[in-house]
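Student: Could you take me through one part of this model in detail, staying with a single element and its partner?

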Amino acid sequence: MAVSSSLVLAGGAAALGLYWYGRKRLEDAREPPSVGRYPLVGSMRHIHEPLYLWLYENFGSEPVVRVHFGTQCVYVFNKWSAFKEAMVDNADQLSGRLSQKLTARLFGDVGGIVASDGEVWRDYRRFTLKTLRDFGFGRRGAEEIITVEAEHLHQTLDEAAGKPVETSVLLSTATSNIICQLVFGSRLASEDEKFGEILEVFRKITHNEDSNSTNAMFMTIIPLIENLPFIADLFFKTPASKAAIDDFLKLLGYCNEQRDKHIAEMEGVDTARDYIEAHLLYQRDQPEMFNDTRLTMAVSDLFIAGTDTTANTLRWAILYMIDNPDVCEKVHEEVAKAIGNDRLPTMQDKARLPYTQAVIEEVHRKASLVPMGVFHRVVDEVTLANNGGWKLQPDSICTFNTYAIHHDPEVFPQPEKFLPERHLKEDGQFAASPHLSTFGLGKRACLGESLARMELLVFFVTLVQRYSFSLDPEDSRTMWQLTEDPSFSKGTVLRSPPLHKIVFKARNI
Ligand code: HEM
């Protein structure tokens, strides 16, 4: 009896193995090259952290490769041509995000912008773009808010009087205040202690250090958790789930308080003055689409996507200026000539700052801030006709390797060097590089790009205009350790520099 059951088991295992091998052969023939994989664990035994760098070094010449996160297939675009063909030419087929069944079970609804798809995503993206545009997003209104924040930044740095300052909290507070102004109508990040706790929640999410193996495990077990209520209940009792729920409830509570405050202040007002008020008006007219839970998710997206991204780009910019003092001096000279020292920069000055713009573009390229892009779900089969004719299967995931795209030596010769001149025309005018993937492309491209570009120009110019930068003299790390050492970023969403302090020395102006 025991012998026959062993035989059945062995036969079953062999049949499964053959089935897996047959499927793999079939997929390998029509899908992009795989980085290697085993059943269940996928590519985990092959890949190394940080994944963007490992893929660049080992598969950088392949326009698209397949990585298996456990049982989940992820197509990664390493070359700009594949990235553009996928995200622009096939935007609709690739506009999905990961399943939100778990979010729905946890919080009773789905919504927001970054993680949603379908009708909710379309309506919230449209609403958000319209609303932020109405408040001068990319135009004058937002510029005033940014300038006020730049003044506050000065004040803080002047008070530090040349003592080393940790830049992460300093710059995140400044960029958070800008989103606070747009969303809540006030500078809560600096003025409301309670909001400090909420900022911590956001920071936890962007600084999530999950490794690729953790992600792979999660992606493999997610279908089980989603579809089996018993397992889902167990999962929701884990400390990690409880912490996520608590964080969300904290945020929901805060947004609801703000909403109530706005309702009280809105009596007789029919033109919204900030995002919350605009949402309240939409909520009144379209209650089936716009509700409090979705508002909280959208607000949380604006903070998560719109604060540490810009703040960390500025942190990179300062480090690259320390590493390239000649570039920093050229920016200072250009700023002194175009603006002088007596006033803050405005967007009108932009055209007279071609070199400065080229420097910011090079910061985007070198920093590759969102190194592995943001995952999209393949909604319908796609054939990449111009990139090997490879097929992308529905319900797989795809993403772009910003780091590989930005360091492609065929597009950016000597990619390791910081060379702003790559983004200048022969006549010295700025030429935005068409081959960067900093903000994504297509229908899901970054919704805050114009705001981010305004913030970066105003803050960067203000800092270079007023201060020279150097590293904390007590920091014994080399610039390579601070800017290139791969060990500082693992499976994180953002490629941000390790914590460090900067001495901002007032220039003699
Ligand atoms: C330097 C600063 C920034 C960088 C590098 C950046 C980069 C990105 C990237 C790579 C994506 C994903 C695109 C995709 O899925 O294909 C994205 C999406 C997004 N970003 Fe940004 N971003 C920045 C600033 C901002 C700001 C200031 C805001 C808010 C005001 C913002 C709001 C969003 C939102 C809401 C999405 C989701 C769009 C969607 O799924 O439809 N971002 N961003």
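Tutor: Let us look at strand 1 (residues 64-69), where strands are DSSP runs of E with at least two residues, numbered from the N terminus. In strand 1, 6 of the 6 residues are buried, so the strand is largely enclosed by the rest of the structure; buried here means under 20% relative accessible area, computed with a 1.4 Å probe on protein chains only. This is a predicted model, in which local features need pLDDT of at least 70, side-chain atom pairs count only at pLDDT 80 or more, and totals for chains, interfaces and linings use all residues. Residues are numbered from 1 along each chain as its sequence is written, and side-chain values use heavy atoms, with hydrogens and water left out.

In a regular strand the side chains alternate between the two faces of the sheet. Both faces of strand 1 are covered, since Val64, Arg66 and His68 are buried on one side, while Val65, Val67 and Phe69 are buried on the other. The partner of strand 1 is strand 2 (residues 72-77), which runs antiparallel to it and is joined to it by 6 bridges; two strands count as paired if DSSP finds at least two bridges between them. Within this pairing, Val67 of strand 1 stands opposite Val74 of strand 2. The two strands form a hairpin with 2 residues between them, and in this hairpin Gly70 takes a positive phi near 60°.

Definitions and conventions: Buried means under 20% relative accessible area, exposed over 50%, partly exposed in between (1.4 Å probe, protein chains only). Helices (H or I, at least four residues) and strands (E, at least two) are DSSP runs, numbered from the N terminus.
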